[in-house]
Amino acid sequence: MSDDLDVSALAINVTIPEALRWTDTRRGEAFTLTTLNVRLLPDGRLAAKAYGRPVAGGRGAYVSFPVPDRPELAALIDSAAGRAGALWAAHRGLG
């Protein structure tokens, strides 16, 4: 039965360690990127977007940013996906 289930989304949120954070600009406002949203695509590849807070403070808009092509960020994403997979595999069910 489990092979017939349609699972439409597998996503995790990962905190970006301070040493790997970066700043990007959207609509004239600078953001410090602090979180990655990593999705497992149907073909088994990973996709990631970054989210953060305005440098000037406040809540700001919920805006996604591309993840720079940096080996240390790719390693973070890969490690986080592996850790999430292990956690899911070890789940103990509801309750």
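Colleague: Let's start with the hairpin. Which residue in β4 stands opposite L40?
Modeller: The model is a predicted one, so keep that in mind as we go. When you read a pair of strands, go across the ladder and see who faces whom. Here L46 is the residue in β4 that stands opposite L40.

Colleague: How many bridges join β3 to β4, and do the strands run parallel or antiparallel?
Modeller: Two strands count as paired once DSSP finds at least two bridges between them. β3 (residues 29-40) and β4 (residues 46-54) are joined by 9 bridges, and they run antiparallel. While you trace them, remember that side chains in a regular strand alternate between the two faces of the sheet.

Colleague: Which residue in the hairpin of β3 and β4 takes a positive phi?
Modeller: Check the turn for backbone angles. There are 5 residues between the strands, and G44 has a positive phi near 95°. The turn region also has a salt bridge: the side chains of D43 and R45 meet, with N to O at 2.7 Å. Both of those residues are exposed.

Colleague: What strand is joined to β4 by 2 bridges?
Modeller: That's β5 (residues 65-66), which runs antiparallel to β4. To find the register, look for a partner pair: A50 has F65 in β5 as its bridge partner.

Colleague: Which residue has a positive phi although it is not a glycine?
Modeller: R27, with a phi of about 50°. After spotting an angle like that, look at its setting. R27 sits in the loop between β2 (22-26) and β3. Its relative accessibility is 71%, so R27 counts as exposed.

Colleague: On to the inside. Which residues have the most contacts inside the largest nonpolar core?
Modeller: A core residue has to be buried, meaning under 20% relative accessible area. The largest nonpolar core has 17 residues, and V14, W22, L33 and L36 are those with the most contacts inside it. β1, β3 and α1 are the elements that give two or more residues to this core. The largest share, 5 residues, comes from α1.

Colleague: With which residues is V14 in contact, leaving aside its neighbours within four places in sequence?
Modeller: Skipping the sequence neighbours leaves T34, T35, L36, V38, L76 and A80 as the contacts of V14.

Colleague: Which residues form a nonpolar patch on the surface?
Modeller: Patches bring together surface residues from separate parts of the chain, so check the members one by one. L5, V7, L10, L40 and L46 form this one, with about 440 Å² of accessible area together. You've met two of them already: L40 and L46 stand opposite each other in the hairpin strands. V7 comes from the segment before β1 (11-15). With a relative accessible area of 58%, V7 is exposed.

Colleague: What does the salt bridge count come to?
Modeller: The count comes to 2. Besides D43 with R45, R70 forms a salt bridge with E72, and their closest N and O atoms are 2.8 Å apart. Check accessibility too: R70 counts as partly exposed at 22%, and E72 is partly exposed at 34%.

Colleague: Where does R92 lie?
Modeller: In the segment after α1 (71-89). For a tail, pair the accessibility with a distance back along the chain. R92 is exposed, at a relative accessible area of 83%. Its C-alpha atom is separated by 30 Å from that of L73, 19 residues apart along the chain.

How values were computed
Residues numbered from 1 in each chain as written. Predicted model: local features only at pLDDT ≥ 70, side-chain atom pairs only at ≥ 80, totals over all residues. Heavy atoms only, no water. Patch = residues over 30% accessible without salt bridge, like charges linked within 9 Å, V, L, I, M, F, W, Y side chains within 5 Å. Areas by Shrake-Rupley, 256 points an atom, 1.4 Å probe, with all protein chains shown as cover. Salt bridge = Lys/Arg side-chain N within 4 Å of Asp/Glu carboxyl O. Helix = DSSP H or I, 4+ residues; strand = E, 2+ residues; numbered from the N terminus. Buried < 20%, exposed > 50% of the residue type's maximum accessible area, 1.4 Å probe, protein only. Core = buried A, V, L, I, M, F, W, Y, C linked by side-chain atoms within 4.5 Å. Contact = heavy atoms within 4.5 Å.
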